[in-house]
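Here's a short report to read alongside the structure. Keep the picture open and look up each spot as we get to it.

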Amino acid sequence: MNLNLKALTDPSAIVVCATAPGDPPTGVSGAPTDNNIMIWNAVIFGPHDTPFEDGTFKLTIEFTEEYPNKPPTVRFVSKMFHPNVYADGGICLDILQNRWSPTYDVSAILTSIQVKYRQCSLLSDPNPNSPANSMAAQLYKENRREYEKRVKACVEQSFID
């Protein structure tokens with residue numbers, strides 16, 4: 001898809017840039033809010049064979065006029081206990097920081113957070129060596145049973161949210 005410079009600075013172009021053709025990936029969805037095309041609501045289902053399985057986690061995606069050259073800000077709205085998620089829901093993920101590429105769309109972002117087979121999957125493969133939540137990182141490394149217990153509490157809370 002070719003976009004001119006005006007399209008990159010036009011907020012209505014975010015829908016064009018942020019969505020990819022084809023079927024949406026399984027277990028993730030996202031759409032602009034009713035009153036602001038620069039802010040999206042998203043949902044991720046916890047990936048199978050992880051402590052997050054069966055959870056339904058809400059996120060927000062906030063774009064700036066610099067998208068797609070700069071990544072959007074992605075935050076969990078749902079409570080999350082994870083080594084790479086800050087207390088405010090902010091996400092420490094390389095593709096949202098130093099490995100961002102303008103080719104990433106909303107589907108790529110959400111599947112990088114959710115899907116197990118992706119190279120940099122946040123929920124399936126936490127990185128306790130680069131923690132945003134030091135308690136979660138410590139438990140993940142030293143007491144996996146307690147870590148999974150706290151994650152399961154977030155999964156149960158996601159049913160209510």
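Which residues of helix α4 are buried? Keep that one in mind while we get our bearings; the answer comes under the next heading but one.

## The big picture

First things first: this is a predicted model. The chain has 5 helices and 4 strands, and if you read along the sequence, they come in the pattern α-α-β-β-β-β-α-α-α.

Of the chain's 161 residues, 44% count as buried. Among the contacts with a separation of 6 or more, 51% are between residues 24 or more positions apart. The exposed surface comes to about 9000 Å², with carbon and sulfur atoms supplying 49% of it.

## Helix α4 and its two sides

Back to the opening question: in α4, which runs over residues 134-142, the buried ones are A136, A137, L139 and Y140. They sit on the same side of the helix, because they cover an arc of only 170° around its axis. Turn to the face pointing away from that buried side and you'll find the exposed residues S134, K141 and E142.

Have a look at the start of the helix, too. There, a side-chain oxygen of N133 comes to within 3.1 Å of the backbone nitrogen of M135.

## α4 meets α5

What do the buried residues of α4 pack against? Their partner is α5, residues 144-160. The axes of these two helices come within 6 Å and cross at roughly 130°. On the α4 side, the contact is made by M135, A136, L139, Y140 and E142, while α5 brings R144, E146, Y147 and R150. An angle over 145 degrees would have counted as roughly antiparallel, so at roughly 130° α4 and α5 are oblique to each other.

## Two residues worth a closer look

Start with T33, in the loop between β1 (28-32) and β2 (39-45). Is T33 buried or exposed? T33 is buried, because its relative accessible area is 18% and the cut-off for buried is under 20%. A polar atom of the T33 side chain lies 2.8 Å from the backbone oxygen of N36. Leaving aside neighbours within four places in sequence, T33 is also in contact with I39, W40 and N41.

Now find K58 in strand β3, residues 56-62. K58 counts as partly exposed, at 34% relative accessibility. Not counting residues up to four places away in sequence, K58 touches A42, V43, R75, F76, V77, S78 and D161. With D161 there is something extra to spot: its backbone oxygen lies 3.1 Å from a polar atom of the K58 side chain. K58 and G30 are 28 residues apart in sequence, and their C-alpha atoms are 9.6 Å apart in space.

## Backbone details in the loops

Which residues in the loop between β2 and β3 should you check? One is D49, which is found in that loop and has a positive phi of about 60° although it is not a glycine. Another is D54, also placed in the loop between β2 and β3, with a positive phi of about 80° although it isn't a glycine either. D49 counts as exposed, at 64% relative accessibility, and D54 is exposed with a relative accessible area of 55%.

One last stop: the loop between β3 and β4 (73-76), where you'll find P68. The peptide bond from Y67 to P68 is cis, with omega near 15°.

Definitions and conventions: Residues are numbered from 1 along each chain as its sequence is written. This is a predicted model: local features need pLDDT of at least 70, side-chain atom pairs count only at pLDDT 80 or more; totals for chains, interfaces and linings use all residues. Side-chain values use heavy atoms; hydrogens and water are left out. Buried means under 20% relative accessible area, exposed over 50%, partly exposed in between (1.4 Å probe, protein chains only). A polar contact is a pair of N or O atoms within 3.5 Å; within protein, one must be able to donate a hydrogen and the other to accept it, and residues adjacent in sequence count only if both atoms are side-chain atoms. Contact means heavy atoms within 4.5 Å. The arc is that of the directions from the helix axis to the C-beta atoms. Accessible areas come from the Shrake-Rupley method with a 1.4 Å probe; for residues, only the protein chains shown count as cover. Axes are lines fitted to C-alpha atoms, for helices over the stretch in contact, and angles run from 0 to 180 degrees between N-to-C directions. Angles under 35 degrees count as roughly parallel, over 145 as roughly antiparallel, 65 to 115 as roughly perpendicular and the rest as oblique.
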